[in-house]
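Let's take a look at how a small molecule and a protein fit together. Have the sequence and the 3D view open, and follow along as we go.

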Amino acid sequence: MLATASVPIPLVDAAATPAQLRRFFSAAYCDTPAPLRWLSAIRPYVCPYDKLLQFIPDGGDALDVGCGAGSLLALLAATKKIRRGVGCDVAEPPLASARAAARRLGAEDVLSFQHVRSIAQAPEGPFDIVAMVDVLHHVAPRERADVFAAAARRVGPGGVFIYKDMTARPGGRRLAHNIDDYVFTREWVQQVPEGAVEAWAIDQRLALVHGEFIPRLIYGHELRVFRRLDG
Ligand SMILES: C[S@@+](CC[C@H](N)C(=O)[O-])C[C@H]1O[C@@H](n2cnc3c(N)ncnc32)[C@H](O)[C@@H]1O
């Protein structure tokens, strides 16, 4: 267990299961009011953080674009996968939860969170790891290529871009995501069309090193891992 003021934080490592991650997030987000605390705790059953962890190189600097409540960076700090992590988001309220979790984890020296009006205000880097998890479907379709490109430009030589979003494949899993997002945001989102990020990545000189469809509960996820090969 990590030492904290009152709530013990279960130790997690890169092989953590969703159940172990649920216990970790439940403790790490204990300063966040319900229901966001509960949603943060159960998110590993929906969002495959356990899979994402496998593609994070050790010891780098990370930028999480659209970090929300900072779950991914909290996990990367707790597992000591990163040297430093910066999260940015256009929404300010979840960043309070992200900062509280960083404090709870004793990771304030490692993690910082910035409110930005657009990704143009995010730190330039370059970063060893840039992550964009479940963000692009919230971005207007005409702006998606630019947002993706701005994130991709922040990946340094040899660095990785971890992209994960909800599936656009027709069917029940796509509908489940639409209904879920409508319940929480009152927005009937348009998923990112298949093949779009791969095309944008080529424009940014990023090579696809891993692509995977990940079914979770009633949802479906598209994971793409890119690497910058040029210097
Ligand atoms: C579904 S949440 C995902 C949060 C986090 N990445 C996670 O996986 O828990 C989507 C987040 O993207 C943020 N977002 C939407 N458009 C953005 C943009 N253009 N730049 C940065 N963040 C954005 C939203 O404010 C929201 O916090």
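## Who is around the ligand?

Start with the shell of residues around the ligand: it splits into 7 nonpolar, 3 polar and 3 charged. Keep in mind that this is a predicted model. In total, 13 residues surround the ligand, and the closest are R43, Y49, G66, D89 and V133.

## Contacts with the ligand

Which atoms of R43, Y49 and G66 come up close to the ligand? For R43, a polar atom of the side chain lies 2.7 Å from a ligand oxygen atom. Y49 also uses its side chain: an N or O atom there is 3.3 Å from an oxygen atom of the ligand. With G66, it's the backbone that takes part, as one of its N or O atoms lies 2.7 Å from a nitrogen atom of the ligand.

And how much of the ligand gets covered? On its own, the ligand has 600 Å² of accessible area, and the protein covers 81% of that.

## The pocket it sits in

Now zoom out a bit. The ligand sits in the largest pocket, which has a volume of about 1,300 Å³. How do you find a space like that? Rolling a probe the size of a water molecule over the atoms shows where empty space is left.

The lining of this largest pocket is made up of 39 residues, and R43, G66, G68, D134 and H138 lie nearest the centre. R43 and G66 should ring a bell, since they're also among the residues closest to the ligand. Sorted by type, the lining has 22 nonpolar, 10 polar and 7 charged residues.

Which helix or strand gives the most to this lining? That's α2, with 6 residues. Try tracing the elements that each supply at least two lining residues: α2 (36–46), β1 (60–65), α4 (71–78), β2 (82–89) and α7 (172–185).

## Some backbone oddities

Two spots in the chain are worth a look for their cis peptide bonds. One joins A34 and P35, with omega about 5 degrees; P35 is in the loop between α1 (18–28) and α2. Another joins G125 and P126, again with omega about 5 degrees, and P126 is in the loop between β3 (111–115) and β4 (127–133).

Finally, go back to D134, one of the residues nearest the pocket centre. Its place is in the loop between β4 and α6 (141–152). The phi angle of D134 is near 60 degrees, a positive value in a residue other than glycine.

Notes
Residues numbered from 1 in each chain as written. Predicted model: local features only at pLDDT ≥ 70, side-chain atom pairs only at ≥ 80, totals over all residues. Heavy atoms only, no water. Near = heavy atom within 4 Å. Polar contact = N/O pair within 3.5 Å; in protein donor to acceptor, adjacent residues only side chain to side chain. Areas by Shrake-Rupley, 256 points an atom, 1.4 Å probe, with all protein chains shown as cover. 1 Å grid on protein atoms, 1.4 Å probe; cavity = no way out; pocket = protein on both sides within 12 Å on 5 of 7 lines; lining within 4 Å. Sits in = over half its atoms within 2 Å of the grid points. Nonpolar A, V, L, I, M, F, W, Y, C, P; charged D, E, K, R; others polar. Points joined across faces, edges and corners; volume = space filled by probe spheres on them. Helix = DSSP H or I, 4+ residues; strand = E, 2+ residues; numbered from the N terminus.
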